[in-house]
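This briefing covers backbone geometry, a ligand site and internal spaces. Please keep the sequence and the model in view while reading.

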Amino acid sequence: MYSGAAAAAGPPRRDFISVTLGPEEAVGVGGYNNSKAWRRRSCWRKWKQLSRLQRSVILFLFAFLAVCGVISYASMGEAWKSITNKSLDEQRTEQEIPGLKLANPAVLPAPQKADANHGDYPELSLQKPPKLPHVRRGPSNLQIKAPRRDMRLKTQHDTIRAVDELVEADKVEKTEKSVISWRGAVIEPDQSTEPPSSKIKEPEKPSSVEAEDQKEPVPINERQLAVIEAFRHAWKGYKDFAWGHDELKPLSKSYSEWFGLGLTLIDALDTMWILGLKEEFEEARKWVANDLVFDKNVDVNLFESTIRILGGLLSTYHLSGDSLFLEKAKDIGNRLMPAFKTPSKIPYSDVNIGRGTAHPPRWTSDSTVAEVTSIQLEFRELSRLTGDEKFQKAVDEVMKHVHTLSGKNDGLVPMFINTNSGQFTHLGVYTLGARADSYYEYLLKQWIQGGKKENELLEDYMRAIEGVKKHLLQRSEPKKLTFVGELAHGHFSAKMDHLVCFLPGTLALGAHNGLAADHMKLAEALIETCYQMYAQVETGLSPEIVHFNLHAQKGHKDVEIKPADRHNLLRPETVESLFYMYRFTGDKKYQDWGWEILQNFNRYTRVPTGGYTSINNVQNPSNPEPRDKMESFFLGETLKYMFLLFSDDIDLINLDKYVFNTEAHPLPIWVPA
Ligand code: DMJ
C-alpha cells in the first residue's frame, strides 16, 4: 500500500506494512503539525485515498487482530490460574506423605543430612535443610513440629540403603560413626490440652507447626541402624509368613491367631514410623485401611486389645496425623465398652467385639487388677480426641473405686478384683510382677498424662512405692543386688518376674517429674539388678522369672533359675527401663547394656529365614530351644525402646511431651511441661 501524496512527493513506494502514517510523510506535505485535529483529518484523508480493496484488507486485518487478542487473553488467564493453583498444590504436598492421604501433616522427625562423617557413607550425605517459614495450622491444643516431607523421605531411603549396605558389608560392629539425623516429634509446650468437656465436640487433631527453634539434627548412629536392620528382619518374617495375622511362627513359617486382628502389624505401626521405615509403614497402613475389620464375632481380652490395638492406633494417629487411625481407634474403643457393663463397673476381662457382649473368664467372675487399671491412658485419650466423655468416665470410675478399696497393704494391691462385688479377692499376695505390675505404672502415668493434677493417683503411687520399700525390697548375695520380691500371706519370696523390670524406668520417670529423689536411687539399683538377670545367664538373656539368693553360697551367683522359668519371650521391660535411665542420666553404660542384649537376641533368637523367636532355655547357648513364636511386643516395644535407648535425641519422643502406654505406644501429655 502506498500513499498517493507521498508518491507525488516522489518518495519510493513503501511497503504494504508501512501503511502507518509516518510523520516524515506529513512533514513532507505541510510541515510538522501534531495537533489531534490535524492528525484526525490527515488520517481520514489518507483513508479516503485508499481503494475499496485496500480498505477491506485493513478492516479485515483489524478484525483478525482483535479476535486473536481476545482468544489469547482468555488462554493466558487459564494458564495463570493453573500456575497459581499448582504452586499452592505444591506447597500443600510438601506437608504431606505420598500415599498416606494425611488429614493433617505428619509430625515426626524430619530426617536431615548429617554434616559430619561424610567420608564413610558418602551416599548418606544430606544437606542441611533451608529454614522454612513458620506455619501454624489446625487446632491449637497440640502443636507439633512438622517434618519436611522431602528431607524425611530422602533420609528414609538413605537409611534403608545404609542398613542394607551395613548388612552386606557386615559392618555392624566396626563402624562407630553416625550418618543420619532425625528430629523427634515435639508437642509445642505453650499449648495446653484440656480434658474433655461435657459436650460432644469436633475431634481433636494433631496439628503441625514448623520448627521455630531449629536445632542441630542429631544423627542416627550405628546401633540404631542395627535396630532398624533387626526390625526389618523381623518384619520380613511377618510379611512373608504371617501377613495380617496376629503373630509370626518363624520356624514353621506360619502364624498364630489370638484375636485375629493383625496384632503384630498394629503393634508395630508406630515403631515403623519412629524408625523411619515409611515404605513398610505405608504397606501396613493399606492393610489397616482395607482389611482391618472389627465387626467380627470374636472374643478379645479387654486389656490386651486396649494396650496393643487401641494404644497402637492412637499413637500412630498422633505421630502420622492420619485420621484413618483415629477412626479405627474410635471403632475398637466403642466395641470394647460393653466390658464395663458389670454390677460393680469393674470391667470384665473379655468382650465379643462383634456381638457387643462381655464376660469374665469361664472359671471365675474375677478380673485381674493390672488389667482393669491399665486401660486408662488409652480410653482417657480417646475421650479427649473424640470429645465423648463416656470412655474416660468408665475408666476413671475404676480408678476411683480401687482408690477407696480395702485389702491393700501399704499401697500394694492384691492381684484379683471381683466384677460383681467390686472387692479385691485372693487377699494377702503382693507382687510387682504379673497381674499387678502395670497398676503401679499407670498410677504415675495417668497423673503425668493429666498434667499432674489428679492427686489421688499420685497419692496411691507414692504410697505403693513406700509399700514396695517396706515389704518387697531385699538384697541378694553375693553381689548385694537390690531386688523386688513377693509377699504371700506374710512370707517373703525372693522371686522376681522379668516383668518387674518396668519399675526402674517408672521410678526414674517419677523422679524426673519432681517426685522423691530417692526414687531415682532405687531406680539405679534396680536397673543394675535387671541387667544382671541377663548378664549372669549363659546366653546373656534373662529368663521369665528369677529367684535371688539371700545367703552367700560358694559357687552360686545371685540369680537362680527354676526349670519352668527359663524361657525368654523377647520381653521389653529391661530395655524399656534402660531407655528411661539413659534419657535421664546420660550414662552411656545403659546404652552399652542394651547393646549387649540386642546382640544376644541376634545370637540366640534370630531365625535366618525371617523373624525372631521366643526360646525355652536361656541357660543353654548351644540349644536355646526355639519356641516358634514372635510376640507382637517384640516389634511394638522391645525394638522401639532399643532404638530410643541408642538415640541421643531427647526430642525423639520427648518425655516431657509424651507418655508411653504399657505397650510402648506414646500418647501426648495433655499439659506438656
Ligand atoms: C506387654 O504386653 C506389656 O508390656 C504388658 O504391660 C506386659 N506384658 C507385655 C510385655 O512383656
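Pro-478 lies in the loop between β15 (473-475) and β16 (482-484). In this predicted model, the peptide bond joining Glu-477 to Pro-478 is cis, with omega at about 5°. Most peptide bonds are trans, and most residues other than glycine have a negative phi.

**Backbone exceptions**

- The loop between β15 and β16 holds Pro-478, and the cis bond links this proline to Glu-477.
- His-489 is not a glycine, yet its phi is positive, about 50°.
- The place of His-489 is the loop between β17 (486-488) and β18 (491-493).

**Ligand shell**

- Which residues surround the ligand? They are Ile-307, Arg-308, Leu-499, Arg-571, Pro-572, Glu-573, Phe-633, Glu-637, Thr-662 and Glu-663.
- By class, this shell comprises 5 charged, 4 nonpolar and 1 polar residues.
- Two helices, α9 (302-320) and α20 (632-645), each contribute at least two shell residues.

**Ligand polar contacts and cover**

- The side chain of Glu-573 places an N or O atom 2.6 Å from an oxygen atom of the ligand.
- For the side chain of Glu-663, the distance from an N or O atom to a ligand oxygen is 2.6 Å.
- Thr-662 also takes part: an N or O atom of its side chain is 2.7 Å from an oxygen atom of the ligand.
- On its own, the ligand has 290 Å² of accessible area, and the protein covers 92% of this.

**Largest pocket**

- Where does the ligand sit? It occupies the largest pocket.
- This pocket holds about 930 Å³ of space.
- Its lining counts 38 residues, with Phe-303, Glu-304, Glu-371, Ala-434 and Arg-435 nearest the centre.
- Elements giving two or more lining residues are α9, β11 (366-368), α11 (369-372), α14 (437-449), α18 (573-585) and α20.
- Helix α9 gives the largest share of the lining, 4 residues.
- The pocket lining divides into 17 charged, 13 nonpolar and 8 polar residues.
- Helices α9 and α20 thus appear twice: each supplies at least two residues of the ligand shell, and each gives two or more to the pocket lining.

**Cavities**

- Rolling a probe the size of a water molecule over the atoms shows where empty space is left.
- How many cavities of 30 Å³ or more does a search of the whole structure find? The search finds 5.
- The largest cavity has a volume of about 50 Å³.
- Its lining is formed by His-498, Tyr-534, Ser-542, Pro-543, Glu-544, Asn-568, Leu-569, Leu-570 and Arg-571.
- Sorted by class, the lining of this cavity has 4 nonpolar, 3 polar and 2 charged residues.
- Arg-571 belongs to two of these lists: it helps line the largest cavity, and it is one of the residues around the ligand.

Definitions and conventions
Residues numbered from 1 in each chain as written. Predicted model: local features only at pLDDT ≥ 70, side-chain atom pairs only at ≥ 80, totals over all residues. Heavy atoms only, no water. Near = heavy atom within 4 Å. Polar contact = N/O pair within 3.5 Å; in protein donor to acceptor, adjacent residues only side chain to side chain. Areas by Shrake-Rupley, 256 points an atom, 1.4 Å probe, with all protein chains shown as cover. 1 Å grid on protein atoms, 1.4 Å probe; cavity = no way out; pocket = protein on both sides within 12 Å on 5 of 7 lines; lining within 4 Å. Sits in = over half its atoms within 2 Å of the grid points. Nonpolar A, V, L, I, M, F, W, Y, C, P; charged D, E, K, R; others polar. Points joined across faces, edges and corners; volume = space filled by probe spheres on them.
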